Amino acid sequence: MKNFGKLISLLLCVATILSILSFVSCSDSSVDDQNDDKDEVDDTKYSVAVSLFGNPYVYSVEDKVSGICVDILAKIAEKNDEDLELKIVDSNDAIAGLIKNEYAAVLAPADTYIDEESAKSIFSSQVLVSNKFVLLVSGSSRIYRLYDLAIQSSKKVGILEGSVAMQNAVSRFGEDNVITYSDYETGVEAVKNGEIDAMVVDEHNDKIVNDAYVSENGLRLLPDEYYSLDFVLFVKDTSSGILSKTNSAIAALESEKKIEAIVNEYILGDGAEN
């Protein structure tokens, strides 16, 4: 009987241990389930870092970030059933933050400098949208090419205030030679009056860049492309699928003419940033 009692005690002890192990296993499973749920929530985020490039592509008004590129990013996120999460960063720190996994992607010009070591693990998407700028001069001007303007000893060049081409204009012609205007029409008047030698104009702006407007205002459009800039998304690697999903969404938006519609809304639409 004594042995039988010891056997019963041993069995009860084993049962208790198994019960504890079962509880711990369930608890671990519960934690795993919570982590899985967390991962699923994170997968719905389209986390993109952006810098303020200038009107009308990326700019800030009353702490709200807007622009052509921002709207395209929103459409990409919508295509992929994701929530767009924008992170405003300094353009000089954007790639460094991507390398540190602070966000999933960076919106930046395609010619953004990336050091050789970092470039091994960074990939760019298809072009979201392109900036192209041209120059308007007076019809009586002796400037027929961009080269003619560049070699002038003294020159004045107008540009839209907040334009993404501003930095390029300053580096080409010098800060003292670049005059900003709140709208293109004022800049055109300055060209006509001889106050400036040329006006930098966004090629998308059909209100200004069209034969009728140019002729009526006694202007001439230089044949050289003044400046171009492509915006892309940079990602750290391709394993997450962000790059392929982004490229697929861009291709779909282009075929549906939705990117073109966004551009037209900003450049040509009523009340748009132009």
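Strands here are DSSP runs of type E with at least two residues, numbered from the N terminus. Keep in mind that the model is predicted.

**Stop 1: Val137**

Select residues 129-138. This is strand S7, and Val137 lies in it. Is Val137 buried or exposed? Its relative accessible area is 0%, and the cut-off for buried is under 20%, so Val137 counts as buried.

Now show what surrounds Val137. Leaving out residues up to four places away in sequence, Val137 touches Ile143, Val191, Asp197, Ala198, Leu219, Arg220 and Leu222. Add Leu149 and draw a distance. The C-alpha atoms of Val137 and Leu149 are 9.8 Å apart, with the two residues 12 apart along the chain.

**Stop 2: the largest nonpolar core**

In soluble globular proteins, nonpolar side chains tend to be buried together. Select Ile68, Leu107 and Tyr226. In the largest nonpolar core, which has 51 residues, these three touch the most other members. Then colour residues 68-79, helix H2. H2 gives seven residues to this core, the most of any contributor.

Centre on Tyr226. Which residues does Tyr226 contact, beyond its neighbours within four places in sequence? They are Phe133, Val134, Leu135, Leu146, Asn168, Ala169, Arg172, Phe173 and Val200.

Next, pick Val209, Tyr213, Val214 and Leu219. They are among the members of a second, separate core of 16 residues. Leu219 was on the Val137 contact list as well.

**Stop 3: strand S1**

Select residues 45-50, strand S1. Five of its six residues are buried, so S1 is largely enclosed by the rest of the structure.

Add residues 83-88, strand S4. S1 and S4 run parallel and are joined by six bridges. For one point on this pairing, label Lys45: it stands opposite Asp83 of S4.

Now add residues 105-109, strand S5. S5 also pairs with S1 in the parallel sense, over two bridges. Label Val48 here; its bridge partner in S5 is Ala105. S5 also spans Leu107, one of the three residues picked out in the largest core.

**Stop 4: helix H10**

Select residues 258-267, helix H10. Which residues of H10 are buried? They are Ile259, Ile262, Val263, Tyr266 and Ile267. Turn the view to look down the axis. The buried residues of H10 fall within an arc of 120°, so they line one face of the helix. An α-helix has 3.6 residues a turn, so residues three or four places apart point the same way.

Finally, show what this face packs against. The partners of the buried H10 residues are strands S2 (59-61), S3 (64-66), S7 and S10 (198-202), with helices H2 and H9 (242-255).

How values were computed: Residues numbered from 1 in each chain as written. Predicted model: local features only at pLDDT ≥ 70, side-chain atom pairs only at ≥ 80, totals over all residues. Heavy atoms only, no water. Core = buried A, V, L, I, M, F, W, Y, C linked by side-chain atoms within 4.5 Å. Buried < 20%, exposed > 50% of the residue type's maximum accessible area, 1.4 Å probe, protein only. Helix = DSSP H or I, 4+ residues; strand = E, 2+ residues; numbered from the N terminus. Contact = heavy atoms within 4.5 Å. Pairing = 2+ DSSP bridges. Arc of directions from axis to C-beta.
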